Amino acid sequence: MKYRTEGIIPPPIAKLAEAAKRISSSPGFLNLGQGLPGHIPPEDALTTLKERIFHPATHVYTPDEGLVELREALALYLRQESGIDANPQDEIVITAGANNAFASAILTLVEPGQNVIMPSPYYFNSVMAVKLAGAEVKDIPVGESFQPEPESIEAAIDDKTKAIFLITPNNPTGAVYSCERIDAILDLCIQHEIMLICDETYSRMVFDNARHYSPRSRRDANNTVVTLGSFSKDFGMSGWRVGYIIGPTDFIKELIKLQDTVSICAPTAGQMLALEVLKKGLDVVEKELQRLGLLRELAYLRLREIDAFEEKYTQGTFYLFPRVKGCTDSRKLVMDILQSTRTLVLPGSIFGNTGEGHIRLSIGPLTPEAVDEAFNRLSKFFGEG
Ligand SMILES: Cc1ncc(COP(=O)(O)O)c(C=O)c1O
């Protein structure tokens, strides 16, 4: 049988995952590979959900666009947090995570033969969605401090360009894109009549007084911007599969066709939990973010002690994305690190060409002691310990 998806190459980490699986059962394995924040949803919210578990409404579909109470609470939350103005009736859809939201957005918007511009490095799953639509990714390297370059993006726009895709705060770099650059890119989108898709999965994970800027907060942008969000990282809910998409009414009307065909709705219990988290979990989440902030400080401190790393400090997420001096094959390097230190990190090359020479360290679920231990091992590996 010939499958339509055969030409789509998944991220080349299969070999690494296989090796990690073998090593993960051995004592002392340290996982800095998986992109998890390390916290679970607040206890109060979980207790309320537990009380509702035998209620029939927990076990049936919600409307395609999601529970109305959740959309209303989300609209309020986003207005307060990000200055986003979205009508919960016809501009917000709850999805089974931000990945689902992105794939639906692409399949709604992009026709075969068109292209989507992405600053690189990028989150690798996004590429697969664009390829599934029969479209191409135009990979445009980021500039200084991992910030996107409006001039290079403008030069890449052609008559086949349907959208520009930004991720802020960014996976894998942790960069919080500046308001000026986002605005300049949004202006390009308005001028060229293309969509700006902005993945804001890590919107709360900004540190040292940095601010997350959401392009949808600009009032002239509502017809040009599609916003993606998630409960996975900020609220520790990756297994519950709840995210959302916000866009112009006519776009949302079309997207609902996909939603109904693929999943009908996001998981009901997950939506109920997301609602509880928004109602009473924000303080707990704030505490977890403080924990992550301290962990980041420790990790950057230790990173700076290792000469082999060229550090680029960024203000978002729980990822560090240092360049390794002299490294031209990050996949081989990561395998070597895994074999000799039982520590898993990810090769930068899986995040696009610009990521080559870097490694991604995800520190979210680690204790401070484990972060220390990971850097002791890396230091030794690079002959500096
Ligand atoms: C930038 C980005 N978007 C989306 C996702 C997936 O989020 P979700 O669990 O909501 O599908 C991830 C997961 O790592 C991510 O890094």
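**Overall fold and ligand site**

The chain is built from twelve helices and 14 strands. Since this is a predicted model, everything below describes computed geometry. Along the principal axes, the C-alpha atoms fit a box of roughly 60 × 55 × 50 Å. The radius of gyration comes out at 21 Å, which agrees with the value near 21 Å for a compact globule of 385 residues, so the chain's overall spread is what that rule would lead one to expect.

Turning to the ligand, it sits in the largest pocket. The shell around it takes in 13 residues, with Ala 98, Asp 199, Tyr 202, Ser 230 and Ser 232 coming nearest. By character, the shell splits into six polar, four nonpolar and three charged residues. Helix α4, which spans residues 97-109, supplies the largest share of the shell, with three residues.

Oxygen atoms of the ligand pair up with several of these nearest residues. On the backbone side, an N or O atom of Ala 98 lies 2.7 Å from a ligand oxygen. Side chains join in as well: Tyr 202 places a side-chain N or O atom 2.7 Å from an oxygen atom of the ligand, and for Ser 230 the corresponding distance, again from a side-chain N or O atom to a ligand oxygen, is 2.6 Å. As for cover, the ligand on its own has 400 Å² of accessible area, and the protein covers 93% of it.

How values were computed: Residues are numbered from 1 along each chain as its sequence is written. This is a predicted model: local features need pLDDT of at least 70, side-chain atom pairs count only at pLDDT 80 or more; totals for chains, interfaces and linings use all residues. Side-chain values use heavy atoms; hydrogens and water are left out. A residue is near a molecule or strand if one of its heavy atoms lies within 4 Å of it. A polar contact is a pair of N or O atoms within 3.5 Å; within protein, one must be able to donate a hydrogen and the other to accept it, and residues adjacent in sequence count only if both atoms are side-chain atoms. Accessible areas come from the Shrake-Rupley method with a 1.4 Å probe; for residues, only the protein chains shown count as cover. On a 1 Å grid over the protein atoms alone, a cavity is a set of points where a 1.4 Å probe fits but cannot get out, and a pocket is an open set with protein on both sides within 12 Å along at least five of seven lines; lining residues have an atom within 4 Å of a point. A molecule sits in a cavity or pocket if more than half of its atoms lie within 2 Å of its grid points. Helices (H or I, at least four residues) and strands (E, at least two) are DSSP runs, numbered from the N terminus. Ala, Val, Leu, Ile, Met, Phe, Trp, Tyr, Cys and Pro count as nonpolar, Asp, Glu, Lys and Arg as charged, and the others, Gly among them, as polar. The radius of gyration is taken over C-alpha atoms; the globule rule is 2.2 Å times the number of residues to the power 0.38.
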